[in-house]
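The following exchange works through a chain whose sequence and model are shown below, moving from its overall fold to its charged side-chain pairs.

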Amino acid sequence: MDRKRYAAFISYSHADRRVGERLLRKLQTYRLPKGATPQESRKLGNIFMDRETLPATGNLTDAIKDGLGLSEALIIICSPAAVRSKWVDREIEAFAEINPRGPVIAVIISGDPSARTGETACFPAALLARGEEPLAADFRKSGDGPRLGFLKVAASISGARLEALLQRDAKRRRQRVTAIIALSTAIALSTSA
């Protein structure tokens, strides 16, 4: 495995793999607004996700630990499936051991964040064992929703202010609506002529 650094490591239960893959793609293609961070690059950086990042290797455990050690932050896809996953717990514990001050970002996709045990709990035991309330982006519709949840993750990874990302997102949405209205108007005018 090459020795490049990663902005974040995505930890997930294999039952939540599709959500992890979508998040990975969005993080890798997201561009920060100009001046949002002191870095020149407007990209968030490389993101580590086992199936997407690892080469064929004989020792998966060592490769995962290496990825955790090269990552600045840990993103945990939180769900009841993550609570049942021994691998998610192991990755959280290994990250805490390797990078005790590194940010840990919980991404809630299902379950009940107030439940600490039981079938609906979404926070893995190793995350709760850290002794602090998890920093969470709630992707559920009843929480932040996917758009705001994603922007919270992007802000946490990049160090950018969430407000700057929200303003840029709102501007992009206005531009998109304006373009759709202009296109619809042009189509309506051409068909009526």
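Q: How many helices and strands does the chain have, and what pattern do they follow along the sequence?
A: In this predicted model, the chain has eight helices and five strands. Read along the sequence, these elements follow the pattern β-α-β-α-α-β-α-α-β-α-β-α-α.

Q: What share of the contacts with a separation of 6 or more comes from residues 24 or more positions apart?
A: A contact here means heavy atoms within 4.5 Å. Taking the contacts in the chain with a separation of 6 or more, the part that residues 24 or more positions apart account for is 70%.

Q: What percentage of the residues of the chain count as buried?
A: The accessible surface of the chain comes to about 11,000 Å², and 52% of that surface belongs to carbon and sulfur atoms. A residue is counted as buried when its relative accessible area is under 20%. Of the 193 residues of the chain, the share that meets this criterion is 42%.

Q: Which residue forms a salt bridge with Arg5, and where does this partner lie?
A: Arg5 lies in the segment before β1 (8-11), and the pair links distant parts of the chain, 67 residues apart. The closest N and O atoms of the two side chains are 2.6 Å apart. Arg5 is partly exposed at 43% relative accessible area, and its partner also counts as partly exposed, at 41%. The partner, placed in the loop between α3 (60-69) and β3 (74-78), is Glu72.

Q: Why are Arg17 and Glu21 separated by about one helical turn, and is Glu21 buried or exposed?
A: Both residues belong to helix α1 (residues 17-29), and because they are four residues apart in it, about one helical turn separates them. Their salt bridge has its closest N and O atoms 2.9 Å apart. Arg17 is partly exposed, with a relative accessible area of 30%, whereas Glu21, at 14% relative accessibility, counts as buried.

Q: Which side chain meets Lys152 in a salt bridge?
A: Side chains of opposite charge can pair when their charged atoms come close. For Lys152, which is partly exposed with a relative accessible area of 26%, the N to O distance in the salt bridge is 3.0 Å. The partner is partly exposed as well, at 25%, and is Asp144.

Q: How many salt bridges does the count come to?
A: The rule asks for a side-chain nitrogen of Lys or Arg within 4 Å of a carboxyl oxygen of Asp or Glu. Among the pairs are Arg5 with Glu72 and Arg17 with Glu21. By this rule the count comes to five.

Technical notes
Residues are numbered from 1 along each chain as its sequence is written. This is a predicted model: local features need pLDDT of at least 70, side-chain atom pairs count only at pLDDT 80 or more; totals for chains, interfaces and linings use all residues. Side-chain values use heavy atoms; hydrogens and water are left out. Helices (H or I, at least four residues) and strands (E, at least two) are DSSP runs, numbered from the N terminus. Buried means under 20% relative accessible area, exposed over 50%, partly exposed in between (1.4 Å probe, protein chains only). Accessible areas come from the Shrake-Rupley method with a 1.4 Å probe; for residues, only the protein chains shown count as cover.
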